[in-house]
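Colleague: Before I rely on the labels attached to this model, could you take me through how each one was reached?

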Amino acid sequence: MVIDVSLVLSNPDKQVTALVPIEMEAFESGHGVYAISEKKDVDILVSHAGKKKIHLQANISLTLLIPCDRCLEPVEQKFEIQVLREIDVDKCETSEGDEVSYIQDSHIDVEELVQNEIFVNLPMKVLCSEDCKGICNRCGTNLNQMTCDCDTTELDPRMSKVLDIFNQFKEV
């Protein structure tokens with residue numbers, strides 16, 4: 001959904017408030033596509049902040065299903081994001097000098113605002129639990145649910161040349 005802020009720019013006493021529903025069903029990033037399991041309407045307040053400038057306040061609340069980095073089971077990740085920005089609409093940048101891609105011709109694209117904020121707030125690592133055992137790197141069994149009979153002995157990589165010598169003698 002798009003919000004027109006031209007009235008706010010021309011009238012210092014004018015404000016725009018809106019409850020905007022999030023239309024997207026999934027969040028897509030370079031790491032994958034994450035389903036949105038729960039979402040609330042975005043609460044937005046736009047007010048005049050000077051010549052061609054606005055104050056933008058938005059409250060975003062949603063839950064993504066992100067796979068655990070060890071076992072790949074979906075994990076509910078809640079996002080409660082509060083956006084407070086002063087934006088120069090002519091330059092499409094914030095007062096800190098950051099570029100704003102969700103404003104064009106005095107219109108705010110709420111979906112793009114939500115996507116940008118989720119992307120910035122994505123955690124580096126998501127775990128289903130601190131003691132998640134992950135998956136077996138040989139057979140793919142989820143080690144949180146069952147064990148496997150795979151050989152999990154890891155050899156010291158510094159000893160790989162010695163192992164190669166022993167393997168040459170076995171072939172003879």
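Modeller: Let me begin with exposure: buried means under 20% relative accessible area, exposed over 50%, and partly exposed in between, with a 1.4 Å probe and protein chains only. This is a predicted model, in which local features need pLDDT of at least 70 and side-chain atom pairs count only at pLDDT 80 or more, while totals for chains, interfaces and linings use all residues. Residues are numbered from 1 along each chain as its sequence is written, and side-chain values use heavy atoms, with hydrogens and water left out.

Colleague: What makes Leu72 count as buried or exposed?

Modeller: Leu72 has a relative accessible area of 55%, and exposed means over 50%, so Leu72 is called exposed. Leu72 is found in the loop between β6 (53-67) and β7 (74-88), strands being DSSP runs of E with at least two residues, and helices runs of H or I with at least four, both numbered from the N terminus. The phi of Leu72 is near 70°, a positive value in a residue other than glycine. Most residues other than glycine have a negative phi.

Colleague: Which residue in the loop between β9 and β10 can be set beside that?

Modeller: Ser106 is found in that loop, and the phi of Ser106 is near 60°, again positive in a residue other than glycine. With 13% relative accessibility, Ser106 counts as buried. Leaving aside neighbours within four places in sequence, Ser106 is in contact (heavy atoms within 4.5 Å) with Ile3, Asp4, Val5, Ser6, Leu9 and Val89.

Colleague: How do you know that β9 and β10 are paired, and in which sense?

Modeller: Two strands pair if DSSP finds at least two bridges between them; two bridges join β9 to strand β10 (residues 107-109), and the two run antiparallel. Within that pairing, Gln104 stands opposite His107 in β10. Three strands form an open sheet here, in the order β1-β10-β9, with antiparallel pairing. Since β1 (2-4) and β9 (103-104) each have a single partner strand, they stand at the edges, and one side of each is left without a neighbour in the sheet.

Colleague: Why are there zero disulfides in the structure, and what is the cysteine sulfur closest to that of Cys128?

Modeller: A disulfide is a pair of cysteine sulfur atoms within 2.5 Å. The sulfur closest to that of Cys128 belongs to Cys132 and lies 3.6 Å away, which is too far for a bond. Cys136 is likewise in no disulfide, as the nearest cysteine sulfur, that of Cys148, is 3.6 Å away. The count for the structure is therefore zero. Cys128, at 38% relative accessibility, counts as partly exposed, whereas Cys136, at 6%, counts as buried.

Colleague: How are the residues that line the second largest pocket divided by class?

Modeller: The lining has three nonpolar, three polar and four charged residues, where Ala, Val, Leu, Ile, Met, Phe, Trp, Tyr, Cys and Pro count as nonpolar, Asp, Glu, Lys and Arg as charged, and the others, Gly among them, as polar. Among the lining residues are Arg85, Asp98, Glu99 and Glu117. Helix α2 (residues 110-121) gives the largest share of this lining, three residues.

Technical notes. 1 Å grid on protein atoms, 1.4 Å probe; cavity = no way out; pocket = protein on both sides within 12 Å on 5 of 7 lines; lining within 4 Å.
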